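Please open the model in a viewer and keep the selection panel at hand. The tour proceeds by selections, each followed by a description of what is found there.

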Amino acid sequence: RRFTELKHYSDELQSVISHLLRVRARVADRLYGVYKVHGNYGRVFSEWSAIEKEMGDGLQSAGHHMDVYAASIDDILEEEEHYADQLKEYLFYAEALRAVCRKHELMQYDLEMAAQDLTSKKQQCEELATGTVRTFSLKGMTSKLFGQETPEQREAKIKILEEQIQEGEEQLKSKNLEGSEYLPCMYSPAQRFKEQKNHDLKEALISYAVMQISMCKKGIQVWTNAKECFSKM
């Protein structure tokens with residue numbers, strides 16, 4: 001049950017972070033376009049200043065502010081990518097959790113197959129020892145059609161089955177032990193990683209929000225400076 005819950009958790013975490021990264025990429029594309037529009041403003045103001053005498057200095061200064069603002073987008077996107085990389089790390093973390101769960105499922109499957117094989121061999125041994133067949137089988141039909149095996153043949157087969165049963169019991173015991181050791185070995189670290197994830201993602205998202213606030217303040221300052229340039233014309 002715990003590994004099933006862990007698998008669902010990792011699936012949901014991977015889905016949410018993937019969606020968040022896609023949204024962030026779309027926003028970054030739009031933001032890049034907005035900044036490049038400011039670059040166009042800078043170019044237009046600079047060209048305009050060349051044909052104006054009284055307004056030339058103000059237009060030139062405003063154009064400079066726009067150019068500086070447009071050029072800052074590369075550093076902003078580089079900083080954004082740093083926070084995106086922190087989120088991407090947890091995509092790999094979610095995939096690692098899924099791998100842990102898949103391994104547990106395979107171990108459980110092997111355990112069930114070993115138990116089923118052991119039960120089948122015990123039943124075969126019992127049938128040979130008692131001479132009764134409890135379930136339909138091709139072997140049982142063959143015995144009825146062509147006669148029973150000799151006691152020597154039956155004893156030899158029983159001996160082989162007993163050895164196989166002993167090996168199967170050892171194998172089943174080993175797989176049970178392996179599964180019981182795997183559970184605390186992997187589940188406890190997974191729980192600690194979840195707690196660390198909460199701390200890391202909280203810090204990354206807060207830092208991203210602070211960066212966006214700072215970026216917006218710079219945008220306000222650019223237009224405030226441009227307003228002052230226009231006021232002096």
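Begin with Q86, which counts as partly exposed because its relative accessibility is 28%. The coordinates belong to a predicted model. Q86 is part of helix α3. Add R26 to the selection: 60 residues separate R26 from Q86 along the chain, and their C-alpha atoms are 18 Å apart.

Next, select helix α1 (residues 2–49) together with helix α3 (residues 73–130). Two packed helices are described by the angle between their axes and the distance between the axes. For α1 and α3, the angle is about 165° and the axes lie 9 Å apart. An angle over 145 degrees counts as roughly antiparallel, and α1 and α3 are therefore roughly antiparallel to each other. Their crossing is left-handed. Colouring the contact of α1 with α3 by residue class gives 23 nonpolar, four polar and eleven charged residues.

Keep α1 and replace α3 with helix α2 (residues 56–71). The axes of α1 and α2 come within 7 Å and cross at roughly 155°. These two helices are therefore roughly antiparallel as well, and α1 passes α2 in a left-handed crossing. To display the contact itself, select on the α1 side Y35, K36, H38, G39, Y41, G42, R43, F45, S46, W48 and S49. The residues they meet in α2 are G56, L59, Q60, A62, G63, M66, D67, Y69 and A70. By class, the contact of α1 with α2 holds nine nonpolar, eight polar and three charged residues.

Now turn to the interior. Which residues touch the most other members of the largest nonpolar core? Select F3, L6, L13, I17, L21, Y93 and L97, which do so among the 19 residues of that core. Elements contributing two or more residues to this core are α1, α3 and α5 (151–231). The largest share, ten residues, comes from α3.

Centre the view on L97. Leaving aside residues up to four places away in sequence, L97 touches L6, Y9, S10 and A190. Another core, of 17 residues, lies apart from the largest one; to locate this second core, select L59, M211, A226 and C229, which are among its members. L59 has appeared already, as one of the α2 residues in the contact with α1.

Key:
Residues numbered from 1 in each chain as written. Predicted model: local features only at pLDDT ≥ 70, side-chain atom pairs only at ≥ 80, totals over all residues. Heavy atoms only, no water. Axes fitted to C-alpha atoms, helices over the stretch in contact; angles between N-to-C directions. Helix = DSSP H or I, 4+ residues; strand = E, 2+ residues; numbered from the N terminus. Parallel < 35°, antiparallel > 145°, perpendicular 65-115°, else oblique. Left-handed = near helix turned anticlockwise from the far one by under 90°. Nonpolar A, V, L, I, M, F, W, Y, C, P; charged D, E, K, R; others polar. Contact = heavy atoms within 4.5 Å. Core = buried A, V, L, I, M, F, W, Y, C linked by side-chain atoms within 4.5 Å. Buried < 20%, exposed > 50% of the residue type's maximum accessible area, 1.4 Å probe, protein only.
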